[in-house]
Amino acid sequence: MGLATAQGSTPQAPTQAVAPTQAVAPAQAPTAARGVLGIDIGGTKVALRAEDGPPGGPVRTEEAVLRWPGARVAGAYADWTALAGTVADLRERWEGDFAAVGVAVPATVGPDGRVLAWPGRPGWRGFDLLPALRRLFPTAALAWADDGDLAALAEAVHAGSGNVVYLGVGTGIGGGVVHEGAPLPGPGRGSCEAGHVIVDRSGPVCDCGRRGCLQATASGPATLRRAELLLGAPVEYAELRTGLAEGAPWAVEAVEETCAALAAAAVSLGELFHPELTVLGGGFAEGLPGFTARVEAHAAALARPGVPAPVIRPAVLGGLSSLHGALALARLQPVS
Ligand SMILES: [Zn+2]
């Protein structure tokens with residue numbers, strides 16, 4: 001199964017403006033270090049997990065979660081200072097450095113390592129992300145990739161399948177396609193942006209400025225906005241979950257629209273790639289009762305003669321798919 005693309009990119013400039021997977025040369029000679037660290041950078045929080053141990057043997061782990069301290073439009077520097085503090089704490093608990101670090105990145109990052117766009121935290125635009133990562137981990141083997149692509153790879157590994165579509169519902173919608181064991185579209189050719197697949201030309205305006213993208217209808221915030229309109233009052237996630245469990249019409253309608261949009265995207269991707277499995281993940285989807293079954297029902301209604309509806313399953317790794325993908329990416333890095 002092909003995580004090999006993670007090794008495929010070296011620090012040379014890719015031909016495209018966007019490079020989904022990059023290894024970054026160490027800035028200093030490696031010191032004594034052990035284990036791998038995975039970092040999943042998200043719109044509201046960052047999850048970190050360090051692992052060490054022989055394959056199949058006991059694994060030592062340390063974990064940390066950082067909630068971004070500033071508003072989503074705040075600059076990246078306050079966020080990054082907080083992350084540096086979290087890494088320092090984790091390093092202290094780890095009692096040493098990490099041999100390799102893999103990072104799941106939701107932002108669009110240019111070949112020079114600068115953030116080109118991140119609708120989830122617009123204040124990061126222009127931030128020199130990869131140099132900042134290198135300063136945080138000056139001796140580790142370091143690589144990064146799009147969070148949706150890494151989630152897809154992690155889920156494909158766990159499912160034992162080489163043909164998987166992954167859709168992760170959170171602050172935005174991340175996604176990835178693993179085809180014949182390899183992630184699409186491939187190293188140096190951008191990332192799989194399932195959240196910007198157009199599912200409704202008359203739909204709401206997306207963060208990207210276009211109308212009708214999947215995530216404009218089906219992301220967590222989009223679903224909550226719809227629930228608020230239907231209820232006529234502010235709605236928190238916990239209320240939506242309770243409302244859905246109790247069958248409240250406003251909650252059911254808000255979530256059904258989300259599930260119908262996800263089904264449309266899953267069926268469209270199925271027409272192109274014929275995956276063995278379509279996996280639904282992300283923290284927002286994970287917490288809502290019956291979410292996967294609702295998407296599967298909408299997808300079944302879109303089946304056509306001779307083409308069965310996609311098999312849709314919840315993510316095995318839950319909301320941790322990207323983090324496990326980041327750990328898998330770290331393990332692939334050559335450590336001297
Ligand atoms: Zn969009």
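The following legends describe close-up views of a predicted model.

**Figure 1. Overview of the protein.** The secondary structure of this predicted model comprises 11 helices and 13 strands. The protein has 336 residues, of which 51% count as buried. Among contacts with a separation of 6 or more, 66% join residues that are 24 or more positions apart. The views below turn to individual sites and elements.

**Figure 2. The zinc site.** Four protein atoms serve as donors of the zinc ion: ND1 of His196 and the SG atoms of Cys206, Cys208 and Cys213. These donors lie 2.1 to 2.4 Å from the zinc ion. The angles among the four donor atoms run from 101 to 114°, and the site is tetrahedral. For comparison, the ideal angle for four tetrahedral donors is 109.5 degrees. Along the sequence, the donor residues follow the spacing H-x9-C-x1-C-x4-C. Both His196 and Cys213 lie in the loop between β11 (182-184) and α5 (214-218), so the pair ties together parts that are 17 residues apart in sequence. Cys213 has a relative accessible area of 0% and is buried.

**Figure 3. Helix α7 and its two faces.** Helix α7 spans residues 237-246, and its buried residues are Leu240, Gly243 and Leu244. These residues cover an arc of only 100° around the axis, which puts them on the same side of α7. The spacing agrees with a general property of such elements: an α-helix has 3.6 residues a turn, so residues three or four places apart point the same way. The packing partners of the buried residues of α7 are α6 (220-231), α8 (249-273), α9 (283-286) and α10 (291-301). On the face turned away from the buried side of α7 are the exposed residues Ala245 and Glu246. Gly247 follows α7 and has a positive phi, near 75°.

**Figure 4. The crossing of helices α4 and α11.** Helix α4 (residues 147-159) and helix α11 (residues 321-332) have axes that come within 7 Å and cross at roughly 85°. This angle makes α4 roughly perpendicular to α11. On the α4 side, the residues that take part are Asp147, Leu150, Ala151, Ala154 and Glu155. Their counterparts in α11 are Ser321, Ser322, His324, Gly325, Ala326 and Leu329.

**Figure 5. Gly38 in strand β2.** Gly38 belongs to strand β2, which covers residues 36-41. With a relative accessibility of 0%, Gly38 counts as buried. Beyond residues up to four places away in sequence, Gly38 touches Ala47, Leu48, Arg49, Gly102, Leu323, Ala326 and Leu327. One of these residues, Arg49, is 11 residues from Gly38 along the chain, and the C-alpha atoms of the two are separated by 5.3 Å. Ala326, another of the residues touched by Gly38, also appears among the α11 residues that meet α4.

**Figure 6. Arg121 and the enclosed helix α3.** Arg121 is located in the loop between β7 (115-117) and α3. The relative accessible area of Arg121 is 3%, and the residue is buried. Apart from neighbours within four places in sequence, Arg121 is in contact with Gly43, Trp68, Gly70, Ala71, Arg72 and Asp79. The C-alpha atoms of Arg121 and Arg72 are separated by 4.6 Å, although these residues are 49 residues apart along the chain. Helix α3 itself consists of residues 129-136, and six of its eight residues are buried, so α3 is largely enclosed by the rest of the structure. The buried residues of α3 are Leu129, Leu130, Ala132, Leu133, Arg134 and Leu136.

**Figure 7. Two loop residues with positive phi.** Glu95 is a residue other than glycine with a positive phi, near 55°. Its place is the loop between α2 (76-94) and β5 (100-105). Glu95 counts as exposed, at 66% relative accessibility. His274, likewise not a glycine, has a positive phi of about 50°. The loop that holds His274 runs between α8 and β12 (277-281). At 55% relative accessibility, His274 counts as exposed.

Definitions and conventions. Residues are numbered from 1 along each chain as its sequence is written. This is a predicted model: local features need pLDDT of at least 70, side-chain atom pairs count only at pLDDT 80 or more; totals for chains, interfaces and linings use all residues. Side-chain values use heavy atoms; hydrogens and water are left out. Buried means under 20% relative accessible area, exposed over 50%, partly exposed in between (1.4 Å probe, protein chains only). Helices (H or I, at least four residues) and strands (E, at least two) are DSSP runs, numbered from the N terminus. The arc is that of the directions from the helix axis to the C-beta atoms. Contact means heavy atoms within 4.5 Å. Donors are N, O and S atoms within 2.8 Å of the metal (3.2 Å for Na, K and Ca); water is not among the atoms, so sites may look incomplete. Four donors count as tetrahedral if all angles lie between 85 and 135 degrees; four count as square planar and six as octahedral if opposite donors are over 155 degrees apart and all others between 65 and 115; anything else is irregular. Axes are lines fitted to C-alpha atoms, for helices over the stretch in contact, and angles run from 0 to 180 degrees between N-to-C directions. Angles under 35 degrees count as roughly parallel, over 145 as roughly antiparallel, 65 to 115 as roughly perpendicular and the rest as oblique.
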